[in-house]
Amino acid sequence: TDGVSLYRGEHVHRMRGAKRRAFCCQVQTVFQDPYASLDPKNKVIDLIAEGMDIHHLYTGPAERREKVQALMEQVGLNPSGIDRYPYEFSGGMRQRIGIARALAVQPEVLLMDEPTSALDPISTSKVEDLVMSLKNDYTIIIVTHNMQQATRVSDRTAFFLLGEVVEYAETEKLFSNPQDKRTEDYISGRFG
């Protein structure tokens, strides 16, 4: 209800025109529910390439297809599934399609909202491994309630309570020696 969202000093909600288009390439979101975030009427090639289509990031159909296949390989999917529909994939595979879709416009930042909450343990592990492999090339912000996931994939952690940052530190330090009682209570399961 209040506050300002800034990206590189610019007020995100006031961006228009070229600045807004650039921001949409620079920051991409991976949503919590991989099935709801993918239009079931579109093939995987069209879902992944949508941002490339909008921002004209290829020269022709052959390059478009090659780029989508490369993205599928990057996220651990078989490129032969390029002409299939989302419902033909498992939840974990759909989430990796969502990640490939976000990567298609070559962003600087990936904002992931509970990226594994709807997944089984094996799929969760694969998505977390993928996140770990992307950490050197992208700034990744993960919103999660999963403390194990935060300790596994995050370098730094911010603990929020009611929309405010209670504590922010290197992940290992925050979990081993929280400085705020509310953080300590949450980590130990005494919160609430």
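T116, to begin with, sits in the loop that runs between β4 and α5, and I should say at once that we are looking at a predicted model. With a relative accessibility of 6%, T116 falls under the 20% cut-off and therefore counts as buried. If we leave aside residues up to four places away in sequence, the residues that T116 touches are T124, V127 and Q149.

The second loop residue I would like to show is V75, which is found between α3 and α4. Its relative accessibility is 2%, so V75 counts as buried. Again not counting residues up to four places away in sequence, V75 is in contact with R96, I99, A100, L103 and L130. The C-alpha atoms of V75 and M93 are separated by 9.0 Å, and these two residues are 18 apart along the chain.

That brings me to helix α4 itself, which covers residues 91–103. Its 13 residues, taken at 1.5 Å a residue, should span 18 Å, and because the C-alpha atoms at its two ends are in fact 18 Å apart in the model, expectation and geometry agree. How much of α4 is buried? Ten of its 13 residues are, so the helix is largely enclosed by the rest of the structure. The buried residues are G92, R94, Q95, R96, I97, G98, I99, A100, A102 and L103, and four of the partners I listed for V75, namely R96, I99, A100 and L103, appear among them. As for what surrounds the helix, the buried residues of α4 pack against two strands, β3 (27–30) and β4 (109–113), and against the helices α2 (44–54), α3 (61–74) and α5 (121–134).

Let me now step back to the chain as a whole, which has eight helices and seven strands. Its radius of gyration is 18 Å, close to the 16 Å that the globule rule gives for 192 residues, so the chain is as compact as a globular protein of that length. Along its principal axes, the C-alpha trace spans about 55 × 40 × 30 Å. Of the 192 residues, 38% count as buried, and among contacts between residues at least 6 apart in sequence, 55% join residues at least 24 apart.

Turning finally to the surface and the charges, the chain exposes about 11500 Å², of which carbon and sulfur atoms supply 49%. There are 23 positive and 27 negative charges, and the mean positions of these two sets lie 4 Å apart.

Definitions and conventions: Residues numbered from 1 in each chain as written. Predicted model: local features only at pLDDT ≥ 70, side-chain atom pairs only at ≥ 80, totals over all residues. Heavy atoms only, no water. Expected span 1.5 Å × (residues − 1). Buried < 20%, exposed > 50% of the residue type's maximum accessible area, 1.4 Å probe, protein only. Contact = heavy atoms within 4.5 Å. Rg over C-alpha atoms; globule rule 2.2 N^0.38 Å. Areas by Shrake-Rupley, 256 points an atom, 1.4 Å probe, with all protein chains shown as cover. Lys, Arg positive; Asp, Glu negative; His and termini not counted. Charge placed at Lys NZ, Arg CZ, Asp CG, Glu CD.
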